[in-house]
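Let's take a walk through this structure together, going from the overall fold down to individual rings. Please have the viewer open as you read.

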Amino acid sequence: RVEGAMAEAVTAAAAAAMGVKMTEAMTAHTRKAAAATDAAAAAVAAMEAAKTPAPAGPATLPTPKTISDAKTNFQAAYRRPVGPIAQGFVNEMLSSCTVAMASPSFQYNQIFALGLVTLCDTFLEGTASEREKEELRDAIIRALGFSVAEVLADSASLRSSAEGCGTEAALLASPPLADIAAMPAVPPFKYSYAFGAGLLALMPLVGVEQSAEAIDRWCGAINISSKKLVKDWAFFESSIDKLAEARVMLAEMKAAAKRKEAAKLKEQAEAAAKEADEAEAAAKANA
């Protein structure tokens, strides 16, 4: 009886020890698997957060008096960080438009609206999503103290009118270009980068190829200097080329980051599977 009791005690102790080892192995595996799951969940949550629309900012924003005011307005309207490529464009638009608007002779018109929308469509192309592009565009418009609905409507209206004119001569003889041509020389019309972009955007709508000669001809027709527009046109073309290069580089960086993350997740999964196999083998060996 004593020997039988001792045998039972030894068996029970061995079983308990094996159970502890299996429990420890499975617990370690569970913890690592849970950590990998948490990491994956965090990555998914980050991607979902990027898809979430930015919180709505104030309904209206004051017309900025300084570039600092415009940047403050933009942050109030957009309410989240901006990517490095888009940030440069945002800063350029806020700066150039605010400086132009500070002039007493500045006048908002449909050409300015068309240029503003065209620049946003061009330089914000390739952002994370179409919604993000629209949110950035709208935030820029609001930061400058304009109504998004009015700017978009004016841009679309002028584009439609230009297409309806059919010819260069008809377009130059119609509002708002004819209105600018009729303005008094003093004070001089205040040119802006957005206005120049609007003129350039109108040219293809009536079959005119953008060129230095075309710019001279159009500026002469509406009685403004062509020097700044020729310079801005060159800058515009150069910026598009640089933007294309930056987008390619950014795409390559994103692809490399995704490959690295995929490799890391694969390594974690393989390690977890190996530990599970080892724990199972140990359990069988001790059985």
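The paragraphs below begin with the whole chain and then turn to a helix pair, its aromatic rings and a covered helix.

Keep in mind that this is a predicted model. The protein has 11 helices and 0 strands, and read along the sequence its pattern is α-α-α-α-α-α-α-α-α-α-α. Of its 287 residues, 33% count as buried. How much of the contact set comes from residues 24 or more positions apart? Among contacts with a separation of 6 or more, such residues account for 73%.

Now zoom in on two helices. Two packed helices are described by the angle between their axes and the distance between the axes. For helix H3 (residues 84–101) and helix H4 (residues 110–123), the axes come within 11 Å and cross at roughly 165°. Since angles over 145 degrees count as roughly antiparallel, H3 is therefore roughly antiparallel to H4. The crossing in which H3 passes H4 is right-handed.

Which residues make this contact? From H3 come Phe89, Met93 and Cys97, while H4 supplies Phe112, Leu116, Leu119, Cys120 and Phe123. Sorted by class, the contact of H3 with H4 has 8 nonpolar residues, with no polar and no charged ones.

Next, the aromatic rings. A pair of aromatic rings is described by the distance of the centres and the angle of the planes. The count for this model comes to 10 aromatic pairs. One of them joins Phe89 and Phe123, with 5.5 Å centre to centre and 20° between the planes, and it is stacked. This pair links distant parts of the chain, with Phe89 in helix H3 and Phe123 in helix H4, 34 residues apart. Are these two rings buried or exposed? Phe89 has a relative accessible area of 9% and is therefore buried, given the cut-off of under 20%. Phe123 is buried too, with a relative accessible area of 9%.

Tyr191 and Phe195 offer another geometry: their ring centres are 6.2 Å apart and their planes stand at 80°, so the pair is edge-to-face. Both Tyr191 and Phe195 are buried. Elsewhere, Phe106, Tyr108, Phe112 and Phe146 form one aromatic cluster; Phe112 also belongs to the contact of H3 with H4.

Finally, follow Phe195 into helix H9 (residues 193–202), which is mostly covered, with 10 of its 10 residues buried. The buried residues of H9 include Tyr193, Phe195, Leu199, Leu200 and Leu202, along with Gly196 and Gly198.

Note on methods: Residues numbered from 1 in each chain as written. Predicted model: local features only at pLDDT ≥ 70, side-chain atom pairs only at ≥ 80, totals over all residues. Heavy atoms only, no water. Axes fitted to C-alpha atoms, helices over the stretch in contact; angles between N-to-C directions. Helix = DSSP H or I, 4+ residues; strand = E, 2+ residues; numbered from the N terminus. Parallel < 35°, antiparallel > 145°, perpendicular 65-115°, else oblique. Left-handed = near helix turned anticlockwise from the far one by under 90°. Contact = heavy atoms within 4.5 Å. Nonpolar A, V, L, I, M, F, W, Y, C, P; charged D, E, K, R; others polar. Buried < 20%, exposed > 50% of the residue type's maximum accessible area, 1.4 Å probe, protein only. Phe/Tyr/Trp six-rings, centres within 6.5 Å; stacked < 30°, edge-to-face > 60°.
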